[in-house]
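Got your viewer open? Let's walk through the side-chain contacts one stop at a time.

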Amino acid sequence: MLADTAQRIKAVDLAIAEHDPLHEAYRFYSEGTAAAGSERYIQEFVDHEARTTGFARFYDADVTVHEDGTAALVYCEDQSKAFNKFLGNGKTDVTPVTKNSYVIYAAILRKSGNGVWVTERLSSQRGSAKCRP
């Protein structure tokens, strides 16, 4: 499950880099509201002619598998070294580290027919005390 979630995150980054809000890679790992949310997120980068740069760290994953075959996944992201880079002028928006640099995610996943854990719902909250150092 964690490996498939890591691939979903990488696939969203790839879609941002390629400026493709309907990229097949992230859609392989997401469905439902999670896919729709990723599409909107990627579209914001396309609209602002930007992409990501730097380094994001994911940690403190907690998984609960339910009897119905779905799973709940909660994890943190440290975005303190991740930035937006604007393609038109080449400038990177280096922002200071604040509590909002730390994000908590909650996801609902299910195993697809081909054995891949697909994210169906995903929510996030910036400034999570649980994720701050």
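Rings of Phe, Tyr and Trp (its six-membered ring) count as a pair here if their centres lie within 6.5 Å. By that rule, this predicted model holds four aromatic pairs.

**Stop 1: the ring cluster**

Select Phe58 and Tyr75. Their ring centres are 6.1 Å apart and the planes sit at 55°, so this pair is tilted. Phe58 is in strand 1 (residues 50-65) and Tyr75 in strand 2, so the contact ties together parts 17 residues apart in sequence. Is Tyr75 buried or exposed? Tyr75 is buried, at a relative accessible area of 5%, while Phe58 comes out as partly exposed at 35%.

Keep Tyr75 on screen and add Tyr105. These two rings are stacked, 5.0 Å centre to centre with 15° between the planes. Here the link runs from strand 2 to strand 4 (residues 102-111), and the two residues are 30 apart along the chain. Tyr105 is buried, just like Tyr75. Show the three residues together and you have a cluster: Phe58, Tyr75 and Tyr105, joined by ring pairs.

**Stop 2: a charge over a ring**

Now pick Arg57 and Tyr59. The charged end of Arg57 sits over the Tyr59 ring, 4.1 Å from the ring's centre.

**Stop 3: the disulfide**

Next, select Cys76 and Cys131. A disulfide is a covalent bond between the sulfur atoms of two cysteines. The structure has one, and this is it: the sulfurs of Cys76 and Cys131 are 2.1 Å apart. Look along the S-S bond and you'll find a torsion of about -75°, so the disulfide is left-handed. What does the pair tie together? Cys76 belongs to strand 2 (residues 70-86) and Cys131 to the segment after strand 5 (117-126), so parts 55 residues apart in sequence are tied together. Both Cys76 and Cys131 are buried.

**Stop 4: the salt bridges**

Finally, centre on Arg110. Side chains of opposite charge can pair when their charged atoms come close. There are two salt bridges in the structure. Add Glu31 to see one of them, with Arg110 and Glu31 meeting at 2.4 Å, N to O. Glu31 is in the loop between helix 2 (24-29) and helix 3 (32-47) and Arg110 in strand 4, so this bridge ties together parts 79 residues apart in sequence.

Then add Glu120, which meets Arg110 at 2.5 Å, N to O. That bridge links strand 4 to strand 5, with the partners ten residues apart. Accessibility next: Arg110 is partly exposed at 23%, Glu31 is partly exposed at 34%, and Glu120 is partly exposed at 23%. With Glu31, Arg110 and Glu120 displayed together, you're looking at a salt-bridge network.

Technical notes. Residues numbered from 1 in each chain as written. Predicted model: local features only at pLDDT ≥ 70, side-chain atom pairs only at ≥ 80, totals over all residues. Heavy atoms only, no water. Disulfide = S-S within 2.5 Å. Helix = DSSP H or I, 4+ residues; strand = E, 2+ residues; numbered from the N terminus. Buried < 20%, exposed > 50% of the residue type's maximum accessible area, 1.4 Å probe, protein only. Phe/Tyr/Trp six-rings, centres within 6.5 Å; stacked < 30°, edge-to-face > 60°. Lys NZ or Arg CZ within 6 Å of the ring centre and 35° of its normal. Salt bridge = Lys/Arg side-chain N within 4 Å of Asp/Glu carboxyl O.
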